[in-house]
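Here are a few exercises to work through with the model open beside you. Try each task before reading its solution.

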Amino acid sequence: MISKAFTARAHTNIALIKYWGKKDQQLIIPMNNSLSLTLDHFYTDTTVYFDSSLKHDVFYLNDEEQDASKISRFMDLVRAQAELKTFAHIESVNHVPTTAGLASSASAYAALALAASKAAGMQLARQDLSRLARRGSGSASRSVYGGFVEWKRGNDDLSSFAVPIEENTDWNICMIAVVIDKNRKKISSRVGMQRVVETSPFYPAWIKSSEHDLATIKKAIKERNLKKVGAIAEENAMKMHALNMSASPHFSYFEPATIEVLHLVELLRSEGICCYYTLDAGPNVKILCSAEDSEQILKRLAVKFDKKQLLVAHPGPGVELISKK
Ligand code: DP6
């Protein structure tokens, strides 16, 4: 018996207020609320069907068979919810530079949550889809929605999920990703954030200030104030990276080229161009700016970086089912 196959497409998101630390590692309950922008350019397509002839789950990523043990633990959650015993065939195509700090796990688990739950015969409400995606990777809870999204930390499995802030934003903003290193990151976000929670003396201050950052950025988003949104996001990202440097043993995702980009953005700003940076668990820099200024910023980046390293994205949609080509 083979179930109907479903294909879902989910876009990645970039956090403007970062999720960095878990209260519950197994359930993936975060320490603080976070807020992100879902992007249009980077996405994952995932197809799932259940097949009673399979002895275990099989997983293909970009046409190559992978070890399915991690994904199987996620599929066990789907099977438990759907009261199903059958194994699944899972096929993903990533349109995101994998593990380059462009948060491919966010789009991956959001797409998998929708495709797998549908193939298992479930019709989950978006809140429950967000909760399920969260169990794969925390940031995936936010990729269920488009535009600006807040992940409300909650305090247990039922109360921790994302909500849309402005799902179909018509704000003409842009995110330029400067890809500095495509290789696997030195320390995964999972390991990095846990080390910070356990060892950084500044962690309590992070919780307090990210609450304040969240409240002020939400107001600035409503006011369409790019200068304020950018400044808050940039400061919040730097606080997250300062936590890493204050952990024991300390670590950093910055590469020399990362710092070069940060300096260039600061220089552009001093020349009157409204642009701000943010970074996740990797050396790549994302620059938030208005769509009108993006050409000018790209030109300046192109002096130091190859065109292939510069990717431009805009606000994107939430997870959806698509028909497979
Ligand atoms: C720096 O969602 O990848 O991108 O829940 O352990 O899978 P796990 O972590 P993950 O962490 C993302 C961290 C971040 C900030 C953010 O996206 O909020």
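**Exercise 1. Two backbone details**

Find the loop in which N62 lies, then look at its phi.

*Solution.* Start with the strands: N62 sits in the loop that joins β5 (58-61) to β6 (64-66). Next, check the backbone: the phi of N62 is positive, at about 50°, although N62 is not a glycine. Keep in mind throughout that this is a predicted model.

Now turn to the peptide bond from S248 to P249 and decide: is it cis or trans?

*Solution.* Omega for the bond from S248 to P249 is near -5°, and the bond is cis. To place it in the fold, note that P249 belongs to the loop between α6 and α7 (256-270).

**Exercise 2. The pair α5 and α6**

Describe how helix α5 packs on helix α6.

*Solution.* Two packed helices are described by the angle between their axes and the distance between the axes.

1. Helix α5 covers residues 203-222 and helix α6 covers residues 226-245; they pack at about 165°, with axes 9 Å apart.
2. Angles over 145 degrees count as roughly antiparallel, so α5 is roughly antiparallel to α6.
3. The α5 and α6 crossing is left-handed.
4. From α5, the contact uses Y203, W206, S209, S210, D213, T216, I217, A220 and I221, while α6 brings K228, V229, I232, A233, N236, K239 and L243.
5. Sorted by class, this contact of α5 with α6 has nine nonpolar, four polar and three charged residues.

**Exercise 3. The pair α2 and α3**

Repeat the analysis for α2 and α3.

*Solution.*

1. The axes of α2 (residues 104-119) and α3 (residues 126-136) come within 8 Å and cross at roughly 125°.
2. That angle makes α2 oblique to α3.
3. The handedness of the α2 and α3 crossing is right-handed.
4. On the α2 side the contact is made by Y109, A110, L112, A113, L114 and S117, and on the α3 side by L129, L132, A133 and G136.
5. Eight nonpolar and two polar residues make up the contact of α2 with α3, with no charged residues.

**Exercise 4. Two domains and the ligand**

Work out how the domains meet, and then where the ligand lies relative to domain 1 and domain 2.

*Solution.*

1. The domain assignment gives domain 1 (6-170) and domain 2 (173-313).
2. Taken over C-alpha atoms, the centres of domain 1 and domain 2 are separated by 23 Å.
3. At their interface, 27 residues of domain 1 are in contact with 37 residues of domain 2.
4. On the domain 1 side, β1 (6-17), β4 (34-50) and β9 (161-166) each supply at least two residues, and β4 gives the most, with six residues.
5. That side of domain 1 divides into 16 nonpolar, seven polar and four charged residues.
6. Now the ligand: 15 residues surround it, and the closest are A15, Y19, S137, G138 and S139.
7. The shell around the ligand holds six nonpolar, six polar and three charged residues.
8. Both domain 1 and domain 2 give residues to this shell, so the ligand lies between them.

Notes:
Residues numbered from 1 in each chain as written. Predicted model: local features only at pLDDT ≥ 70, side-chain atom pairs only at ≥ 80, totals over all residues. Near = placed C-beta within 6 Å. Nonpolar A, V, L, I, M, F, W, Y, C, P; charged D, E, K, R; others polar. Domains from an automatic or database assignment. Axes fitted to C-alpha atoms, helices over the stretch in contact; angles between N-to-C directions. Helix = DSSP H or I, 4+ residues; strand = E, 2+ residues; numbered from the N terminus. Parallel < 35°, antiparallel > 145°, perpendicular 65-115°, else oblique. Left-handed = near helix turned anticlockwise from the far one by under 90°. Contact = placed C-beta atoms within 7 Å.
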